[in-house]
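Here is a quick tour of how protein and DNA meet in this model, with a look at one helix pair at the end. Have the structure open and follow along.

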There are 4 protein chains.
Amino acid sequence: MASDSEKTGMAGRYEPRRVPVQARSRERVRRILDAAAQLLIEEGYGGVKTNHIAKRAQVPVGSIYQFFPNRNAIFHALAVRYMDRIRAILEGQLASKAPQRPWEDVLDGVIDTLADVWRSEPAFLAVWVAVQITPELRYADTNYSQIFVDELLVEFLARNFSGLTDDRRRIVARVIFEISQVLLDHSVIHGGDDQAAVVEELKTVLRSYIQTHIDATAHSTPSN
Amino acid sequence: MASDSEKTGMAGRYEPRRVPVQARSRERVRRILDAAAQLLIEEGYGGVKTNHIAKRAQVPVGSIYQFFPNRNAIFHALAVRYMDRIRAILEGQLASKAPQRPWEDVLDGVIDTLADVWRSEPAFLAVWVAVQITPELRYADTNYSQIFVDELLVEFLARNFSGLTDDRRRIVARVIFEISQVLLDHSVIHGGDDQAAVVEELKTVLRSYIQTHIDATAHSTPSN
Amino acid sequence: MASDSEKTGMAGRYEPRRVPVQARSRERVRRILDAAAQLLIEEGYGGVKTNHIAKRAQVPVGSIYQFFPNRNAIFHALAVRYMDRIRAILEGQLASKAPQRPWEDVLDGVIDTLADVWRSEPAFLAVWVAVQITPELRYADTNYSQIFVDELLVEFLARNFSGLTDDRRRIVARVIFEISQVLLDHSVIHGGDDQAAVVEELKTVLRSYIQTHIDATAHSTPSN
Amino acid sequence: MASDSEKTGMAGRYEPRRVPVQARSRERVRRILDAAAQLLIEEGYGGVKTNHIAKRAQVPVGSIYQFFPNRNAIFHALAVRYMDRIRAILEGQLASKAPQRPWEDVLDGVIDTLADVWRSEPAFLAVWVAVQITPELRYADTNYSQIFVDELLVEFLARNFSGLTDDRRRIVARVIFEISQVLLDHSVIHGGDDQAAVVEELKTVLRSYIQTHIDATAHSTPSN
DNA sequence: AATGAATGAGCTTTCATTCAT
DNA sequence: CATGAATGAAAGCTCATTCAT
């Protein structure tokens, strides 16, 4: 089955050369990604040289190229790794298994959890920025996140208020996602004293935004 | 008005070497910036080489270094150029001279105007991204935008509802600014059919967010 | 018959590490050489990587090094394989067992047979070129071909006209050999319409060249 | 006007990036080519590293890439340079301005001159071999030499005996050219005592070959 | 002031060969 | 014997910046 990216004509460039199966290989890849993330934080995109990554990860350069076809593929993998963590958080908290909590609480919980991640792992932010560097990277990235935004956030919205078309719901979900990203980034970058305050504002923004849609829906379909 | 660099403490690195006064020089600088913006869209930050800029701008490389101390200074100048345009728009529409329109209308007007700019100049987006990449650039430019966000947006908020502390108002203003940026970016990147829809969502987001604050303020200060 | 390497004084470097005796091993070596030959045609000497050979031959890289001490040894083996085929052809057609045919006919027959080989196996050409590239390989292989040129061609010349010194005869034989090679190569490279024509020219060249020597010999030794 | 190579789809890769016009630049390019030729002789194709060339030529690597788009382009340029020398020799000796000498003498003269060149410049041989390494290089090369073979050798044949069709004449010319190359190469490689002898054989080969064509022509068109 | 050829440190990537399994 | 992941020296090439003209 062809992957999403194989269809775009813009991708495939960052696909892993070899997927590590043995424990030792997986460990290696992990070390490579950790080193890259660390360097990204310390030096910024331009400062991340393949040889530095190798040295920091305690692997020979050659090993990097066993798993990644090129330098940018490392950044892509990093982004995927972090996006997967976000996905896991969303899955854990948005999924339908805990149906009885009011949506506002669920949302607040998600934001708090994400804020913790952002705060505790500066790499999240760094990766996010790094991935914007090349149009292709950005493209691959957005594609990837779109998948779980669709799966999880759209689904969550659908369960909690039904008054929107599917298309509309996807846009709303994406808007929520994007807003969360920037404001979490912003809270970290201009951290200092306002960090927590910005996170609170994020909650306010999302709550009022969603509420507006609920209200609008309620009015337009009063018979519901 | 003092230039941004005088305030940053990290200043000077991107300051123009020579400010073009003669018509021909000004024209050159304009061509350099246009070329850089164009290349930024096509190739991304990493793909913009000084020699390409020079060739595209039809100026010798040496000329670039007459006006800019280094490559990043070009991106900085580009960011300043674009931020100045945004500032002009905000100044024109938020300033106190047209006091009688309801704030919702003013806001919608601003967003529509900005959306036009973003749509017609994809470079806006590219520049914004480029500036995030280098830590120093990010720092310098965030500061710069902070200035007019403070001046104009904070001012606008202050005029329209007074129930927030100054600090809080600055945060709200910043949140508004960041949200506007991402969603405008997003509307451009995923051009297609949803572009207008995303812009509408942006309006909804901002309106409901601000309204929430107004309401909160009203309650907390019932004498109003 | 002693192997070439015993005579070169530069020997050993390309000697097989292990001579395959079991059927499976022999098959493996054959596959390795076939793969190498094929890649040589497609990519040229510089483009043939050991890993490509292994993949194409469906053997693990390690296997290659079981039989060959290094990359160049593969090319050497290839050259030997092909030279052996040429030798077989020459042996079959030049050897004294078919004494009664006029030398012109014998020569034409040989050329036609060789032309068939060259045409049907483009690798012949590629291998020959590859072997020229590395000084040591060239040395080893020229020596090897020298052996059977001496044995067969010189012998053939000796039988058909006796008026040359041995040294002279070796030079003439070598000249014939070299000319045949280039022109067969040329006929293949510039395939198209002229292929057959070039082969005919080759016959003409060789016939007239040899005839000249016969004539010269006849004059210088009128008593014959 | 499009060059020959621009039409093939296989070339253009070796075209100079910048053609040196000033004396100093021309001198640089000459030094680069000299260094490459020298290294080719000493180390063989594989031993010629761009950095070695640069060091030997006393230029920075960067300079090489100002004039040549890649490593192979250097070999191509080298081949062109030497082919141009051959062309000059052919032009000087085959051209119609010296019409009265018998063709055998002209031919002998050309061969002797070429033999001198081959003997005195080992690079000739090395370059010839190097150019065979990549299919594209060989192709570009043959194309280039074909031009002056057509112009000069075909023309020479046409002037001296008229009994061949044009197409045939081109083949004969090419055959002469190829034979001369190998045997000159051979005379140098297996130099030693036989060097002069091989050159003499080359003359014999060519003379008898051409004479055969003259005779054949004369017979087939006796009325001429 | 204007030019653009010159510079070379340093980057990414490759690939023949080995050797632990 | 068989395997193929691991290795890392070393190659080709780039490109921001300078400075002689």
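DNA strand E has 35 residues around it, and the closest are Asn51(A), Tyr65(A), Arg71(A), Lys49(C) and Arg28(D). Bear in mind that this is a predicted model. Where strand E comes within 4 Å of the protein, 69% of its atoms there are sugar or phosphate, and the rest belong to bases.

Which elements supply at least two residues each to the surface near DNA strand E? They are α2 (50-57) and α3 of chain A, α2 (23-43) and α4 of chain B, α3 (50-57) and α4 of chain C, plus α1 (23-43) and α3 (61-67) of chain D. The largest share, five residues, comes from α3(D). Sorted by class, the surface near strand E has eleven nonpolar, 13 polar and eleven charged residues.

Now over to DNA strand F, which is surrounded by 34 residues; the closest are Arg18(A), Arg28(A), Lys49(B), Tyr65(D) and Arg71(D). Sugar and phosphate make up 69% of the strand F atoms that come within 4 Å of the protein.

Some side chains put a polar atom by a phosphate oxygen of one strand or the other. Here are a few to click on:

| Side chain | DNA strand | Distance to phosphate oxygen |
|---|---|---|
| Tyr65(A) | E | 2.5 Å |
| Arg18(D) | E | 2.7 Å |
| Ser63(D) | E | 3.1 Å |
| Ser63(A) | F | 3.2 Å |
| Tyr65(B) | F | 3.0 Å |
| Arg28(C) | F | 2.7 Å |

As for elements giving two or more residues to the surface near DNA strand F, you'll find α1 (23-43) and α3 (61-67) of chain A, α3 (50-57) and α4 (61-67) of chain B, α2 (23-43) and α4 (61-67) of chain C, and α2 (50-57) of chain D. Here α3(A) gives the most, with five residues. The class split for the surface near strand F is ten nonpolar, 13 polar and eleven charged.

Last stop: a helix pair between two chains. The axes of α9 (residues 166-189) of chain C and α8 (residues 166-189) of chain D come within 9 Å and cross at roughly 130°, which makes α9(C) oblique to α8(D). Their crossing is right-handed. On the α9(C) side, the contact uses Arg174(C), Val175(C), Glu178(C), Ile179(C), Val182(C), Leu183(C) and His186(C). From α8(D) come Arg174(D), Val175(D), Glu178(D), Ile179(D), Val182(D), Leu183(D) and His186(D). How does this contact divide by class, counting nonpolar, polar and charged residues? It has eight nonpolar, two polar and four charged residues.

Definitions and conventions
Residues are numbered from 1 along each chain as its sequence is written. Chains are lettered from A and ligands numbered from 1 in the order in which they are written. This is a predicted model: local features need pLDDT of at least 70, side-chain atom pairs count only at pLDDT 80 or more; totals for chains, interfaces and linings use all residues. Side-chain values use heavy atoms; hydrogens and water are left out. Axes are lines fitted to C-alpha atoms, for helices over the stretch in contact, and angles run from 0 to 180 degrees between N-to-C directions. Helices (H or I, at least four residues) and strands (E, at least two) are DSSP runs, numbered from the N terminus. Angles under 35 degrees count as roughly parallel, over 145 as roughly antiparallel, 65 to 115 as roughly perpendicular and the rest as oblique. A crossing is left-handed if the near helix is turned anticlockwise from the far one by less than a right angle, and right-handed if clockwise. Contact means heavy atoms within 4.5 Å. Ala, Val, Leu, Ile, Met, Phe, Trp, Tyr, Cys and Pro count as nonpolar, Asp, Glu, Lys and Arg as charged, and the others, Gly among them, as polar. A residue is near a molecule or strand if one of its heavy atoms lies within 4 Å of it. A polar contact is a pair of N or O atoms within 3.5 Å; within protein, one must be able to donate a hydrogen and the other to accept it, and residues adjacent in sequence count only if both atoms are side-chain atoms.
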